[in-house]
Amino acid sequence: MKNKTMKAAVLEQFKKDLVIKELPIPTPKRGEVLIKVRASGLCGTDLHIQDGRLPTIKLPYVPGHETAGEVCALGEDVNCFEIGDRVIVAIDILCNTCRFCTTGRGNLCVNLTRLGFERDGGHQEYMIAPATNLLKFNDNVPFEKAAIIPDAVACMYHAIKNQAQVRATDRICILGVGGLGFQGIQIAKHFGAEIFCTSRNDEKLEIAKKYGADHIINTSKQNLYEVIKDITSGEMCDAVFDNIGINSSIQTGLDICRPGGKVIMVGYSEDTFQAEFQGTAMKEKEIIGIRGSNRRDLVETIRLVEKGIIDPYIYKTYALDDINLALEDLKNGKSLGRTVLKM
Ligand SMILES: [Zn+2]
Ligand SMILES: [Zn+2]
């Protein structure tokens with residue numbers, strides 16, 4: 001790969017378009033792998049990054065934290081991978097020494113750095129990742145579907161399986177179904193739950209239905225509380241996933257969850273939320289955080305995708321050259337689900 005160059009989408013200034021540049025293809029160091037990126041997913045977080053809302057990000061750099069590709073060069077001391085392996089790239093680079101890493105909760109690592117955030121990510125033709133961040137997947141799974149496993153799929157998996165501990169007897173609701181929610185429906189279905197989904201967009205609700213939602217509610221036309229009260233005979237939901245993340249959406253979740261139920265904070269777009277003290281405390285309702293996922297969640301989600309139990313939903317693919325258009329579509333709500341750069 002010496003002296004060769006590649007295309008990369010570089011964020012040079014906040015609040016500005018990314019710039020497609022020719023950069024040298026990097027060489028993997030000890031313990032690292034060079035990956036030929038085949039698909040790189042776009043996330044709402046890419047918009048927050050572009051806006052300069054994430055203080056840890058230093059410019060210029062290459063964003064992109066949902067990556068799938070092929071191993072194409074190995075650094076020294078990399079034994080578990082071969083050239084040509086199909087891999088997804090875990091986002092979190094763990095310190096493996098803090099109390100969270102050593103007790104199986106690496107997603108809470110106190111010395112965390114992340115590919116696509118503090119280090120260059122996947123919006124380029126080749127990227128470097130530590131070998132410890134790679135997980136293989138089989139030929140059944142197309143790269144663009146595999147790409148969204150590390151974030152959109154695994155994050156919902158962690159939220160549903162670990163944070164909410166959803167079971168077959170549960171009724172759950174996903175508020176603001178979309179890029180993550182379409183994956184979440186399939187995961188909750190796998191655990192046997194009865195699923196409500198909300199959106200203000202009928203097209204999104206139709207997709208939700210197709211992927212297994214039992215009840216769809218358009219909150220611009222229907223009264224969410226009344227619909228759920230009616231269908232559940234007043235029992236309400238066991239767990240609510242707030243994929244909206246605005247000031248009022250946690251309370252919306254609390255309103256439709258049963259006493260002792262849980263609201264999981266999946267989405268974020270505003271900095272604070274407001275919730276009722278009495279109605280929450282006296283009914284022992286829980287508001288639960290969630291951040292990313294752990295390696296075990298990635299291993300399990302890959303298996304579920306390989307077996308066809310989860311079919312990652314991609315709304316649209318774009319060429320790397322069209323990244324600014326893709327981000328624009330995401331910002332303007334034109335993307336009804338996850339979108340992916342294909343290379
Ligand atoms: Zn993301
Ligand atoms: Zn750590």
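Let's start inside this predicted model, at its second largest cavity, where the lining is made up of five nonpolar residues, three polar ones and no charged ones. That cavity is one of two in the structure that reach 30 Å³ or more. From there, the briefing moves on to the largest cavity, an open pocket and a pair of packed helices.

**The second largest cavity**
- Its volume comes to about 30 Å³.
- The residues around this cavity are G64, H65, T67, V89, A90, I91, L115 and M127.

**The largest cavity**
- Here the enclosed volume is about 40 Å³.
- If you want to find it in the viewer, look for L11, L18, D46, I49, Q50, P63, H123 and L327, which line this cavity.
- Helix 1, spanning residues 44–50, is the biggest contributor to that lining, with three residues.
- By residue type, the lining of the largest cavity splits into five nonpolar, two polar and one charged.

**The second largest pocket**
- Turning to open space, the second largest pocket has a volume of about 220 Å³.
- It is lined by 14 residues, and P26, V62, D120, Q124 and I128 are the closest of them to the pocket's centre.
- Three strands each bring at least two residues to this lining: strand 1 (5–10), strand 2 (19–24) and strand 8 (126–130).
- The lining of this pocket has eleven nonpolar residues, along with one polar and two charged.

**Helix 3 against helix 4**
- Helix 3 (residues 149–163) packs with helix 4 (residues 181–190) at an angle of about 45°, and their axes lie 9 Å apart.
- Because of that angle, helix 3 counts as oblique to helix 4.
- The two helices, helix 3 and helix 4, make a right-handed crossing.
- On the helix 3 side, the contact is formed by A152, V153, M156, Y157 and I160, while helix 4 offers Q183, G184, I187 and A188.
- Sorted by type, the residues in this contact between helix 3 and helix 4 are seven nonpolar and two polar, with no charged residue.

**Worth a look side by side**
- Charged residues are absent from the lining of the second largest cavity and from the contact of helix 3 with helix 4.
- By contrast, one charged residue belongs to the lining of the largest cavity, and two belong to that of the second largest pocket.

Terms used
Residues numbered from 1 in each chain as written. Chains lettered and ligands numbered in written order. Predicted model: local features only at pLDDT ≥ 70, side-chain atom pairs only at ≥ 80, totals over all residues. Heavy atoms only, no water. 1 Å grid on protein atoms, 1.4 Å probe; cavity = no way out; pocket = protein on both sides within 12 Å on 5 of 7 lines; lining within 4 Å. Points joined across faces, edges and corners; volume = space filled by probe spheres on them. Helix = DSSP H or I, 4+ residues; strand = E, 2+ residues; numbered from the N terminus. Nonpolar A, V, L, I, M, F, W, Y, C, P; charged D, E, K, R; others polar. Axes fitted to C-alpha atoms, helices over the stretch in contact; angles between N-to-C directions. Parallel < 35°, antiparallel > 145°, perpendicular 65-115°, else oblique. Left-handed = near helix turned anticlockwise from the far one by under 90°. Contact = heavy atoms within 4.5 Å.
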